[in-house]
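Good morning, everyone, and thank you for making the time. Please have a look at the sequence and the structure first, and then I will walk through them with you.

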Amino acid sequence: MSTPLDIIFSWFEAGDFPTEAQFKETFSSFYHKDSLIPIENIEGFEEMFQLFASAEAFKEHLTDPKAHSEFLALLDASNLAPAHIESWKSKLGIGNIATIDSSDQLGNVYTKIQVDGFVGKLKDVDKDLTSEIEKIKRLLLSNDPSLDELQEIVNYIKENKEQIELLKEAVINSSDDKIRLIGSYSNWGPVTYQNQFNDLLYDKIKTIEDDTSSEKNKYEERIRGDSRIEHNLDTLSFVIDAYDTVTMFTIPLKVRRIDTNTIEVLFDSVPPNIIQLTIKKI
């Protein structure tokens, strides 16, 4: 049984004379370096010991083929998912590696047997093509008059290619009927074909229709007295109708032309009611 330190300190205060028993008790309260400390007397050792694996468990872990398989790749890569495999291939730079056919997986390159088969097919096609070319050569070297005529046609086309192209263009341009106008229409420009005449005639009729539309020949506005009127008739020739919207009597007024789209109207006296103005282009 050890003696608490505060008691031991009290034996060795200034002026004290420790006894033999106190000296013995003091040194008996400490472990000598040659003495072994019992495990059960080491505080927290048992809890710390539980954190370490036993020798048997450690040996078993070393021989376990699936140890740390949640975090590390196994030697046979059986725990790698497709995404992991692609990541490894990308990191190692083998994303485009070629593979050959195996018992359980299709490859992405042809085997020697497959290549030999393709080459054999090409040789067969080449034999057939060579045979056909020889037939054509024999025909061209024959004395068949029909073949001579065919060759003459080919030669003629080659020699007169430019004239044939000009003829083709003339045929295309002559697809529209020509017309003959009675009278002089020099201000219409060159009118030779029916489609040109139709387009020109349509434009002129459309212009006449636009010029005669009521929207472009009449302008209406209501006023209360002397006013400056801006219209869109583009003319200095017009007539004005003005009447009282209440009594419906015509009202006399004076008109001054400012420009082709602006006039000024003046009354002898201030109208008692709203006046309806209608300007008609002549």
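I will go through confidence, the two sheets, some loop residues and the pocket, in that order.

Let me begin with confidence, since what we have here is a predicted model. The protein chain has an average pLDDT of 79, and 80% of its residues score at least 70. Which elements mark the two ends of the scale? The lowest mean pLDDT among the elements belongs to helix α8, residues 161-173, with a value of 63, whereas strand β5, residues 262-266, has the highest, at 95. As a general caution, where pLDDT is low the predicted coordinates should not be read in detail, and I would ask you to keep that in mind when we come to the loop that follows α8.

Now to the sheet that contains β5. The strands here are arranged in the order β2-β5-β4, in an open sheet of 3 strands with antiparallel pairing. Why do β2 and β4 each have a side without a neighbour in the sheet? Both β2, at 227-230, and β4, at 254-259, are edge strands with a single partner strand each, so one side of each is left open in that sense. From one strand of this sheet to its neighbour the turn is 25° on average, with direction ignored.

If we look at the individual pairings, β2 and β5 run antiparallel and are joined by 4 bridges. Two of the residue pairs can be named: R228 is placed opposite E264 in β5, and E230 has T262 in β5 as its bridge partner. On the other flank, β4 pairs with β5 over 5 bridges, again in the antiparallel sense, and these two strands form a hairpin that has 2 residues between them. Here too E264 in β5 appears, this time with R256 standing opposite, and that leaves E264 facing R228 in one pairing and R256 in the other. For anyone who works less often with sheets, strands pair through backbone hydrogen bonds, either parallel or antiparallel, and I am describing strand registers here rather than side-chain contacts.

There is another open sheet of 3 strands, with the order β1-β6-β3 and antiparallel pairing. Its edge strands are β1, at 218-223, and β3, each of which pairs on one side only. The twist in this sheet averages 15° from one strand to the next. Between β3 and strand β6, residues 275-281, there are 7 bridges in an antiparallel arrangement, and within that pairing D241 has T278 in β6 as its bridge partner.

Next come some residues in loops, beginning with backbone angles. D234, which is in the loop between β2 and β3 (238-244), has a phi near 50°, a positive value in a residue other than glycine. Is D234 buried or exposed? Its relative accessibility is 54%, and because exposed means over 50%, D234 counts as exposed. M248, found in the loop between β3 and β4, also has a positive phi, of about 70°, although it is not a glycine. M248 is exposed as well, with a relative accessible area of 54%.

The loop between α8 and α9 (194-212) holds Y193, and T192 has its place in the loop between α8 and α9 too. How far apart in space are Y193 and I179, C-alpha to C-alpha? The distance is 5.6 Å, although 14 residues separate them in sequence. For T192 and K178, also 14 residues apart in sequence, the C-alpha to C-alpha distance is 5.8 Å. Y193 counts as partly exposed at 23% relative accessibility, and T192 is partly exposed with a relative accessible area of 34%.

Finally, the largest pocket, which contains about 150 Å³ of space. Which residues line it? They are D64, P65, K66, A67, H68, L72, A73, L74, L75, D76 and S78. Sorted by class, that lining comprises 6 nonpolar, 2 polar and 3 charged residues. I would be glad to take questions on any of these points.

Notes: Residues are numbered from 1 along each chain as its sequence is written. Side-chain values use heavy atoms; hydrogens and water are left out. pLDDT is the predictor's confidence in each residue, from 0 to 100. Two strands pair if DSSP finds at least two bridges between them. Axes are lines fitted to C-alpha atoms, for helices over the stretch in contact, and angles run from 0 to 180 degrees between N-to-C directions. On a 1 Å grid over the protein atoms alone, a cavity is a set of points where a 1.4 Å probe fits but cannot get out, and a pocket is an open set with protein on both sides within 12 Å along at least five of seven lines; lining residues have an atom within 4 Å of a point. Grid points are joined across faces, edges and corners, and a volume is the space filled by probe spheres set on the points. Ala, Val, Leu, Ile, Met, Phe, Trp, Tyr, Cys and Pro count as nonpolar, Asp, Glu, Lys and Arg as charged, and the others, Gly among them, as polar. Buried means under 20% relative accessible area, exposed over 50%, partly exposed in between (1.4 Å probe, protein chains only).
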